[in-house]
Amino acid sequence: MVDDNMSSQTPIIEIENLIVTFGEGEDERRAVSGVSFSVNRSETFGLVGESGSGKSTILRAITGLVANEADVMRVAGEDVRQKRGKNFYRKVQMVFQDPYEALHPRHTIWRQLMEPARIQHIPGAEARGHAALDSVGLSRSLLWRYPHQLSGGQRQRVAIARALMSEPDILLLDEPTSALDVSVQAEILNLLCDLQDERGLTYLMVSHDLGVVAHMCKRTAVMHAGMIVETLDVDALVNGGATKAYTKKLIAASEAYGEDPQDIVKPRIFSK
Amino acid sequence: MDRPPLLSVRDLKISFQGAAGTFDAVRGVSFDLGREKLGIVGESGSGKSMTGRAIMRLSPPAAIVQAEHIQLGEIDVLRASEKTMDAIRGRRIGLIMQDPKYSLNPVITVGEQIAEAYRIHTRASASQARQKAIAMLGAVQIRDPERVYRMYPHEMSGGMGQRIMIAMMLVSEPEILIADEATSALDVTVRLEILNLLNDLVQTRGLGLIFISHDLNLVRRFCDRVLIMYRGRVVETLKARELDQATHPYTRGLLEAMPRIHAQRTRLPVLQRDAAW
Amino acid sequence: MSTDSKGLAAWLTAEEPSSATHAAFQNVWHVWMRFASNPLGIAGLAIILLLVFVAIFVPWLAPYSPFDQNLRETLVAPNGQHFLGTDELGRDILSRILWGSRITLSIVAIVSVIIAPIGLIAGCLAGYYGGWLDTILMRITELFLSFPSLILALAFVAALGPSLNNAIIAIALTQWPPIARLARAESLSLRNRDHISAVRLMGASNLRIVLGHIAPLCVPSVIVRITLNMAGIILTAAGLGFLGLGAQPPSPEWGAMVSTGRRFMLDSWWVGTMPGLSVLTVSLAFNLVGDALRDALDPRQE
């Protein structure tokens, strides 16, 4: 849980003026135009926005999956604007949106868990693998199954277990529950909260769902068209403390159909 | 409502034969649809999409569809001939699916597609169809319908694409519209606009709308009545406004499990599934 | 006995595999079950197995030696003593066809064994790395693909000298580019998948990703493509033999037999037609197996 002393420590993620450009020449467009924010240790920070806002691109920029430029990009004390050292991949891991794509279709679950161990030469890999499986609430009997034999929720748990294998400090969560049913989403969100409590993980969570962000995050940045519209505490967001029009529009649209303040002009007619 | 329902479904059963035995996707679903917005809500595997498709007899060839009746006015859809169904699909019942990218022909302008939909079901001339298509584009609140008529599907945003789909489906003036996760692929702000549009159209034309979705929050505010489906059965039917008073444990579980902006909790209650449902 | 087979059946269909090998075997079993539900595929497989059986046991199966000439019994129509007749030198056609199965099988096997790994690795590397590696590979494969494969094989054999071995090499050289292009196309789309990004985020080297993660996913398409190409390989070999550039006489290679049989088409049709039918049957069999394999190996099994 977050502590009031947090602000005195250096943030574990610091980004300043991040720019990501796609395409060349005439087709060039900025998916992310000058984004700045910071995340404190053991905090859950949200990046919320609609599709095309650039939120997922930010995660990919941090991990180096897309080319980018920034004035500052420090993750866990390391400057990651150009190259990332081996240590980076031990400290930072990512959980992807689509559980159906996140696992290799031809590898058994055990092999998927052991892969990071082999690459990073993790000691005591077997024991860690079993422990990871336990922490995500999956039974050992699933070890020799293939992903297509598991449900969406189980796959996402495996993806989380795999991310935990390197015992990271930071988990980048790219809409981890948007492809899951509501009931499964609840389980996965609870799991993520539990893991954070146990391990002091820092989460940078991307979502289009304000409800999820309100539940999981302490602070959040609202994104639109590649830029941050505003960064605020979730408490403020929930209690009408949003200052920008776009944020208010997003909240209104998320919370209630038919209660959008801009619809006062056209009264809604409800049939009997 | 003492008017006869637009659609009456009784004891719909859909199953599949597989290597592992018979799989029952839908296990005895019954409901009536009047001139109202009926929501069918369920998670994956609940059978809600199957139900929607069965109403138009668009089930996959491997599906075994049985029912006491699927009554559309005087026609039993289940027992009608293919020729009769051709006159019903797109004419009396329209279907809007999730992603307009996959529902629209990418090499024909959207205006022509709407016009074509009109000409399939009426004996209109090309210019009459064009006029009608432009009128429909206006009816779905597209500004500058003449210009949009000439656009191709890949040039449109998701929201615009869904408006085109709605226009296409409404051009033949159906009695019933089925929207299968029609707003799920849209951004939240665009979703609101499309739902407002659907609401207007349903009111002014007196349509029956079946709104299939996994999003209970959305359906509770948009629809008049809601059917909750779980594993092929309807576990509860109630008025949308009365959803908070739902009694079935699955419905209650779904309501509790959703993270909401203004109802913050430390832990989301998890659904305990019961095989008896 | 019955408890043993029940044990095996139970082991193969168990809900939860107990080890990596168990899971792998179960996987193969599932693929086999899907394949077996396709009657045409089974028919094709039966023919191929028959071919293999014949190739192995031909010394005991063939009634005559393929080289024994009997100049008093030339061009004899099919009868009780020579089921498929004799050719212009009095050799038994049935025996020659049976012995020729070894040649056909070895051509098919050796070509496949050569082109599969080369095409797969080259294609995967090009598709994953992109850049100049990809450009070079694309230009090379385009060079090969711009010629009809028979003409190209002809050119190679003409350069290397006519013999069965050179024919095999020539055919392999013409057949690897399509495999490479196929593997490249697959890796291009695979490299953007989330599970590949996940492995990159573990710090895996590019080579590890290509060999351990991408290539295995391309294997099913490559296998299917090769089985579908087998027909072409057999026909190319037959074509080369027909032109006298493959196996040299008196070797009972089917293509060469069809070639010599041309002269006798009108009066002794069996000399050319029988080996021709063999080529047809085996090509068709590989085609059917390839089709059925494609369905059975489809990873979208859900």
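Select chains B and C. No contact joins chain B and chain C. Their closest C-alpha atoms lie 10 Å apart. Keep in mind that this is a predicted model.

Now show chain A as well. Two pairs of chains touch, and the pair with the most contacts is chains A and B. The tour takes the other side of chain A, where chain C sits against it: 30 residues of chain C are in contact with 33 residues of chain A.

**Stop 1: the interface of chain C and chain A**

The size of an interface is often given as the accessible area lost when the parts come together. Here the area buried between chain C and chain A is about 2800 Å². Carbon and sulfur atoms give 56% of that area. Select C:Asp194, C:Leu201 and C:Met202. In chain C, these three lose the most area to chain A. Together they make up 27% of what that side buries.

Stay with C:Asp194 and add A:Arg60. The two form a salt bridge, with the closest N and O atoms 3.6 Å apart. How many salt bridges does the rule find across the interface of chain C and chain A? The count is three. Polar contacts are there too: eight residue pairs between chain C and chain A, both residues at pLDDT 80 or more.

Next, color the helices of chain C. Three elements give two or more residues to the side that touches chain A: α2 (20–36), α8 (194–200) and α9 (206–242). Which element gives the largest share? Pick α8(C), which supplies six residues. By class, this side of chain C has 13 nonpolar, 10 polar and seven charged residues.

**Stop 2: A:Gln93 and its strand**

Move across to chain A and select A:Gln93. This residue lies in strand β6 of chain A. Is A:Gln93 buried or exposed? A:Gln93 counts as buried because its relative accessibility is 5%, and the cut-off for buried is under 20%. Its side chain reaches the backbone oxygen of A:Tyr89 at 2.9 Å.

Show the surroundings of A:Gln93. Beyond residues up to four places away in sequence, A:Gln93 touches several residues of chain A, including A:Gln120, A:Ala163 and A:Pro168. A:Gln93 also touches C:Leu201 and C:Met202. You met those two at the first stop, among the residues of chain C that lose the most area to chain A.

Widen the selection to β6(A), residues 92–95. In a regular strand the side chains alternate between the two faces of the sheet. In β6(A), A:Val92 and A:Met94 point one way, and A:Gln93 and A:Val95 the other way. All four are buried. Add strand β7(A), residues 170–174. β6(A) and β7(A) pair in the parallel sense over four bridges. Look for A:Met94, which stands opposite A:Leu172 in β7(A).

**Stop 3: an open sheet in chain A**

Select β2, β1, β4 and β5 of chain A. In that order, these four strands form an open sheet with antiparallel pairing. The edge strands are β2 (29–39) and β5 (78–79), and each pairs on one side only. Zoom in on β4(A), residues 72–75, which two bridges join to β5(A). Here A:Arg74 stands opposite A:Asp79.

**Stop 4: A:Arg219**

Finish with A:Arg219, in strand β9 (residues 219–224) of chain A. A:Arg219 is buried, with a relative accessible area of 18%. What does its side chain reach at 2.6 Å? Look for the backbone oxygen of A:Ser38. Not counting residues up to four places away in sequence, A:Arg219 touches A:Ser38, A:Glu43, A:Phe45 and A:Asp233, among others.

Notes. Residues are numbered from 1 along each chain as its sequence is written. Chains are lettered from A and ligands numbered from 1 in the order in which they are written. This is a predicted model: local features need pLDDT of at least 70, side-chain atom pairs count only at pLDDT 80 or more; totals for chains, interfaces and linings use all residues. Side-chain values use heavy atoms; hydrogens and water are left out. Contact means heavy atoms within 4.5 Å. Buried area is the accessible area (1.4 Å probe) that two parts lose on being put together, summed over both. A salt bridge is a side-chain nitrogen of Lys or Arg within 4 Å of a carboxyl oxygen of Asp or Glu. A polar contact is a pair of N or O atoms within 3.5 Å; within protein, one must be able to donate a hydrogen and the other to accept it, and residues adjacent in sequence count only if both atoms are side-chain atoms. Ala, Val, Leu, Ile, Met, Phe, Trp, Tyr, Cys and Pro count as nonpolar, Asp, Glu, Lys and Arg as charged, and the others, Gly among them, as polar. Buried means under 20% relative accessible area, exposed over 50%, partly exposed in between (1.4 Å probe, protein chains only). Two strands pair if DSSP finds at least two bridges between them.
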